[in-house]
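Below is a walk through one protein model, taken helix pair by helix pair and then as a whole. Keep the structure open while reading.

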Amino acid sequence: MPSPYRAIFAAPGTKAFSAAGLIGRLPISMVGVGILTMISEITGRYAMASALTGTLALAAAVMGPQVSRLVDQYGQRRVLRPATLVSVASVTALVLAAANGLPDWTLFVFAAVAGCVPSVGSMVRARWTELYRDAPRDLHTAYSFESVIDEVCFIFGPILAIGLSTTWFPEAGPVIAAGCLLVGVWLLTAQRATEPPPHPRSLDGDRSSALRSPGLQVLTATFVATGAIFGSIDVSTLAFAEEQGHKSAASFILAIWAAGSCLAGIVFGLLHLKGRMERRWVLGICAMAVSMIPLLLAGNLPFLAVALFVSGLAIAPTMITTMALIEAHVPRAKLTEGMTWISTGLAVGVAVGSSVTGLVIDAAGAQRGYVVSISSGAAAAAVAFAGYRRLTRPAQGEEPSRDGDIGDSSGERADRVA
């Protein structure tokens, strides 16, 4: 039987926009770590470096959905190119300011403006959705492939950024990341045939945010807590490896965590599960929450690596189901913005989770940092359960669904997507 992954790339243009998306998405996991490494190499001020990366993350969380909202309204090419130029110019200015010892406030200004970086992953997923909207199985496989690509980027992006800044010159990480972002976005937006059509909003039309969707509110709130899981595990693992006398092993252990998610995403893309998608999503959130418990019991690095690999198995399937739920709850004219709100929730959660975990580690030690991971998992599960009924209600204000009926329940649409 032909591979489902091979089948989705049979459509013209899919290989090209996927490759461009990979180039443009890799810098998302490189810029923050690159700036952190650059500042620490130049000044040795880790607090300053962390504050700058936090500023960048929060700025991206605020501006990202607005950029995507404009994309839905005016198209990818018209919005992404100027937004990318502003972001790349800001990163370049930040690098020059740091290299020339300019006042700290200038660094924060440039970091904040750089937050208008577009969510390239959402742009690529929007193209897959437009292409396979009427082919639910192919769309499921495409979402699975994109989740695998996300994990690949987050495995190799930080390693590449750190390696460039520590072995070449301090500014190399963010500079190369900015260059890749520029090239990737330009290549992606040059492909007009697969670009989703814009949905201009008339003066008397619906100009509200996609976040008004009750289902999207539940998904975004849950992923704030999920982001806190990710942020706390990153910081706790780094501190735990340092306590064990093998700080350099932290990146390898975190790569194992991402590899677990990557493997699960590949397998999940081959499956065509039946039943309500909302239930699978809640199950995935609960699986992530439960998988945090063994982390607190880890007494050495090998045990921690195994525990993280197992916990990673729940990530990609949950992310894949989340994207399908967004497609079921957000009108077509706001799809890119809806997908970006999930990234925003994750970014906010990562910033909060890493900050709180740092305080806990300073007070009680590295292993206690995983208490934040467990608490965040419990919070994510609680929000998912509390919002379950919102996910099963019919989506409001949608266009006719694929079979032409208006007012499909999200559960019915979910079965078609799944």
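Helix 10 and helix 13 (residues 301-312) pack with their axes 11 Å apart, at an angle of about 165°. An angle over 145° counts as roughly antiparallel, so helix 10 is roughly antiparallel to helix 13. The crossing of the two is left-handed. On the side of helix 10 the contact is made by Ile-233, Thr-237, Phe-240 and Ala-241, and on the side of helix 13 by Leu-301, Leu-304 and Leu-308. By class, the residues of this contact are 6 nonpolar, 1 polar and no charged. The model is a predicted one, and the angles and distances here are computed from it.

Helix 10 also packs against helix 11 (residues 249-270), where the axes come within 9 Å and cross at roughly 145°. Here helix 10 passes helix 11 in a right-handed crossing. From helix 10, the residues Phe-230, Ile-233, Asp-234, Thr-237, Leu-238 and Ala-241 take part, and they meet Ala-250, Ile-253, Leu-254 and Trp-257 of helix 11. This contact divides into 8 nonpolar, 1 polar and 1 charged residues. Ile-233, Thr-237 and Ala-241 appear in the contact with helix 13 and again in the contact with helix 11.

Glu-243 also lies in helix 10. Is Glu-243 buried or exposed? Its relative accessibility is 54%, and the cut-off for exposed is over 50%, so Glu-243 counts as exposed. With neighbours within four places in sequence set aside, Glu-243 is in contact with Gly-365 and Ala-366. Glu-243 and Ala-366 are 123 residues apart in sequence, while their C-alpha atoms are 7.4 Å apart in space.

A further helix pair is formed by helix 14 (residues 315-329) and helix 15 (residues 335-364), whose axes come within 9 Å and cross at roughly 140°. That angle makes helix 14 oblique to helix 15. Their crossing is right-handed. Met-319, Thr-322, Met-323, Ile-326 and Glu-327 of helix 14 meet Leu-335, Gly-338, Met-339, Ile-342 and Leu-346 of helix 15. The contact has 7 nonpolar, 2 polar and 1 charged residues.

Which residues touch the most other members of the largest nonpolar core? In this core of 102 residues, they are Ile-39, Trp-281, Leu-304 and Ile-326. The largest share of the core comes from helix 10 (residues 214-243), with 11 residues. Two of the residues named for the core have already been met: Leu-304 in the contact of helix 13 with helix 10, and Ile-326 in the contact of helix 14 with helix 15. For Trp-281, again leaving aside neighbours within four places in sequence, the contacts are Val-218, Leu-219, Thr-222, Phe-223, Thr-318, Thr-321, Thr-322, Leu-325, Ala-384 and Leu-391. One of these, Thr-322, is among the helix 14 residues that meet helix 15.

The chain as a whole can now be described. The protein chain has 18 helices and 0 strands. Of its 418 residues, 54% are buried. Among contacts between residues at least 6 apart in sequence, 82% join residues at least 24 apart. The pair Glu-243 and Ala-366, with their positions 123 residues apart in sequence count and a contact in space, is an example of such a link.

Notes:
Residues are numbered from 1 along each chain as its sequence is written. This is a predicted model: local features need pLDDT of at least 70, side-chain atom pairs count only at pLDDT 80 or more; totals for chains, interfaces and linings use all residues. Side-chain values use heavy atoms; hydrogens and water are left out. Axes are lines fitted to C-alpha atoms, for helices over the stretch in contact, and angles run from 0 to 180 degrees between N-to-C directions. Helices (H or I, at least four residues) and strands (E, at least two) are DSSP runs, numbered from the N terminus. Angles under 35 degrees count as roughly parallel, over 145 as roughly antiparallel, 65 to 115 as roughly perpendicular and the rest as oblique. A crossing is left-handed if the near helix is turned anticlockwise from the far one by less than a right angle, and right-handed if clockwise. Contact means heavy atoms within 4.5 Å. Ala, Val, Leu, Ile, Met, Phe, Trp, Tyr, Cys and Pro count as nonpolar, Asp, Glu, Lys and Arg as charged, and the others, Gly among them, as polar. A nonpolar core is a set of buried Ala, Val, Leu, Ile, Met, Phe, Trp, Tyr and Cys residues joined through side-chain atoms within 4.5 Å. Buried means under 20% relative accessible area, exposed over 50%, partly exposed in between (1.4 Å probe, protein chains only).
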